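Subject: Handing over a structure

Hi,

I'm passing this structure on to you, and I hope you enjoy looking through it. Here is the file, with my notes below.

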Amino acid sequence: MAILKIAKMGNPVLSKVAKKVNDPQNPEIVRLIQDMVDTMIDANGLGLAAPQVHVSKQIVVFYIPSHNENDENEELLTILINPLIEPINNDIFYDWEGCLSVPDLRGWVPRYKSILYKGIDHLGNKIETKAEGLHARVVQHECDHLYGYLYPQRMKNLDKLVFNSEMKYHLSPEG
Ligand code: NI
């Protein structure tokens, strides 16, 4: 187990398009995925993409948000490799996002409300999942890391890029 160093906004690795993974069972990839999960848990993140640990490969790990706040079921952990996302329709919704590569900040970010995502897991099994709401948001945020995007680049209004310590001024229903 290893806790990896997290790249911060401005690091060129976060702006690159990540490479596809040919063999998810390659020992180096197996180890990378384990280290990514350990790093995400250590940093209290909801998700992590390989470029955030300085590896430009198409791997993301994330927790599928549970509807029950007390449910810390580890089976909700998803490992998604070589992902593709298709929006199911054009409905957009906004919510606050944070990112381990953009510490201490939050932004009010538009995302597709409903998506279909495809890819493979760490064993090479096909993944094809419909997601809505926070689940869809997490997947879009993490997969954006594989295309060189951080959430501030998806924002429409940078007035709503704020420090966590100032969030008290931004908690109205519309954000
Ligand atoms: Ni992020």
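A word on terms before we start: helices here are DSSP runs of H or I with at least four residues, numbered from the N terminus. In that sense, helix α1 is followed by Asn44, whose phi is positive, near 60 degrees. Please keep in mind that you are looking at a predicted model.

Let's stay with α1 for a moment. At its N-terminal end you will find Asn26 acting as a cap, with a side-chain oxygen 2.7 Å from the backbone nitrogen of Glu28. The helix itself covers residues 27-42, and its 16 residues should span 22 Å at 1.5 Å a residue. The end C-alpha atoms are indeed 22 Å apart, so expectation and model agree. Several of its residues are buried, including Ile29, Leu32, Ile33, Met36 and Val37, and the buried set also takes in Asp35 and Asp38. Which strands help to cover these buried residues of α1? Among what covers them are β1 (47-49), β2 (59-63) and β3 (77-87).

Next, the metal. A nickel ion is coordinated by the SG atom of Cys99 and the NE2 atoms of His141 and His145, at 2.1 to 2.3 Å. Along the sequence, these donor residues follow the spacing C-x41-H-x3-H. His141 and His145 both belong to helix α2 (residues 133-145), and because they are 4 residues apart there, about one helical turn separates them. Are these two histidines, His141 and His145, buried or exposed? Both are buried.

One of those nickel donors leads on to Glu97. This residue is found in strand β4 and is buried, at a relative accessible area of 5%. Its side chain makes a polar contact of 2.7 Å with the side chain of His141, and a polar contact of 2.7 Å also joins the side chains of Glu97 and Arg137. Leaving aside residues up to four places away in sequence, Glu97 touches further residues, among them Leu105, Val109, Arg111 and Tyr151.

Arg137 has a second role in the picture: its charged end sits over the ring of Phe93, 4.2 Å from the ring centre. You can see a similar arrangement at Tyr149, where the charged end of Arg154 sits over the ring, 3.9 Å from its centre.

Finally, the aromatic rings. Such a pair is described by the distance of the ring centres and the angle of the planes. How many aromatic pairs does the structure hold? There are 3. One of them joins Tyr94 and Trp108, which are stacked at 6.1 Å centre to centre, with 25 degrees between the planes. Tyr94 lies in strand β4 (residues 92-99) and Trp108 in strand β5 (residues 102-112), so this pair ties together parts that are 14 residues apart in sequence. Tyr94 is partly exposed, with a relative accessible area of 36%, whereas Trp108 counts as buried at 15% because the limit for buried is under 20%. Trp108 also pairs with Trp96, this time in a tilted arrangement: 5.3 Å between centres and 55 degrees between planes. That pair again links β4 to β5, with Trp96 and Trp108 12 residues apart. Trp96, like Trp108, is buried. Together, Tyr94, Trp96 and Trp108 make up one aromatic cluster.

Happy exploring, and do write back with any questions.

Best wishes

Terms used
Residues numbered from 1 in each chain as written. Predicted model: local features only at pLDDT ≥ 70, side-chain atom pairs only at ≥ 80, totals over all residues. Heavy atoms only, no water. Phe/Tyr/Trp six-rings, centres within 6.5 Å; stacked < 30°, edge-to-face > 60°. Helix = DSSP H or I, 4+ residues; strand = E, 2+ residues; numbered from the N terminus. Buried < 20%, exposed > 50% of the residue type's maximum accessible area, 1.4 Å probe, protein only. Lys NZ or Arg CZ within 6 Å of the ring centre and 35° of its normal. Donors = N, O, S within 2.8 Å, 3.2 Å for Na, K, Ca; no water. Expected span 1.5 Å × (residues − 1). Contact = heavy atoms within 4.5 Å. Polar contact = N/O pair within 3.5 Å; in protein donor to acceptor, adjacent residues only side chain to side chain.
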